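Student: Could you zoom in on just one part of this model for me, and then tell me what else is worth a look?

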Amino acid sequence: RVGYRWHGHPEIDFSDPSTVHFYKGSIGNVSLRDDYHEGDLNYQCVSYTVTINKEFWTPRFPLESHQMRVYLEPTANVNVIVLDPVQDECYYNPSLSITGFELTRFAVTQNIIAENQPLLNPIYSAHESGQVYKTEILSMFEVDRAGIGLYIKCCIALYGTLAWILLCLYIATFRRVDALGMIGAAFFGAVSNVMVGSNLLPDALQMGLVEFVNFFGVGIIVASTAVVISINTIRKEIGNESFAQFYGRIMLCLFAALVIIGNIALPLSAMNF
């Protein structure tokens with residue numbers, strides 16, 4: 001809903017879709033809520049139903065934030081219409097809600113844009129540049145994820161997978177048991193996590209947090225598999241049980257630290273950057 005107040009030119013009708021337009025948007029319904037003309041003062045309150053195309057930036061999904069921008073532009077140039085926002089009277093609907101997000105910022109500002117007219121336009125002579133200046137009202141609000149619930153849902157299978165691979169490494173270290181047969185379940189858990197994340201991920205060809213978390217998890221599984229093989233080799237072929245346990249304890253502590261630090265650092269980096 002937009003309120004227009006101006007002096008002079010009572011013939012201007014902002015409820016006419018040809019008077020203004022929205023950048024990358026199509027106007028559906030237009031409703032004139034109020035129409036006031038008294039002397040030199042004119043006022044109209046117009047409600048627009050607009051469909052705007054927006055390509056979202058998804059590398060930080062599901063911990064991302066988004067800026068929604070609405071550009072309102074008059075059809076006429078600055079010689080006819082200059083739109084100037086009254087900051088004290090600009091607001092957003094307090095009942096506005098987007099599932100999974102919370103509104104953090106809102107602002108309205110004015111821009112001056114230059115448009116080049118098509119070549120051979122008969123309106124302009126050969127000595128004119130063919131450039132027209134128009135005002136533009138930018139309304140912007142920013143939304144952030146309301147919590148980390150969706151991130152946990154995307155990665156919960158991976159958490160179980162990493163716990164399982166650490167258990168395999170523990171068994172191989174302190175028990176004379178070949179834990180390689182258990183690692184297949186860890187890979188199955190990683191695949192399940194990839195499928196969950198892919199189903200929740202918006203249809204966009206952007207590498208981001210979900211892929212990096214899965215790469216990290218698969219890397220831990222592969223490295224742990226190599227360590228289990230090394231422990232078995234030390235124990236069976238070299239016959240040094242004490243060194244096998246010492247080596248296993250060191251690698252178990254190292255991988256446990258990597259799992260904890262990695263699963264804290266990756267989401268924090270996405271939220272902060």
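Tutor: Let's go to the hairpin of E3 and E4: two residues sit between its strands, and Gly-39 there takes a positive phi near 65°. Strands here are DSSP runs of E with at least two residues, helices are H or I runs of at least four, and both are numbered from the N terminus. Keep in mind that this is a predicted model, where local features need pLDDT of at least 70, side-chain atom pairs count only at pLDDT 80 or more, and totals for chains, interfaces and linings use all residues. Residue numbers start from 1 along each chain as its sequence is written, and side-chain values use heavy atoms, leaving out hydrogens and water.

Back to the hairpin: E3 covers residues 25-38, E4 covers residues 41-52, and the two pair in the antiparallel sense over 11 bridges (pairing takes at least two DSSP bridges). Pick out His-37, and you'll find its bridge partner in E4 is Asn-42.

Now for the cysteines. The disulfide count (cysteine sulfur pairs within 2.5 Å) is zero. Cys-154 is in no disulfide, as the nearest cysteine sulfur, from Cys-155, is 5.9 Å away. Cys-154 is also buried, at 1% relative accessible area (buried is under 20%, exposed over 50%, partly exposed in between, with a 1.4 Å probe and protein chains only). Cys-253 is in no disulfide either, with the sulfur of Cys-168, its nearest, 17 Å away. Unlike buried Cys-154, Cys-253 is exposed, at 54%. For an in-between case, try Leu-268 in helix H4: that residue is partly exposed, at 43%.
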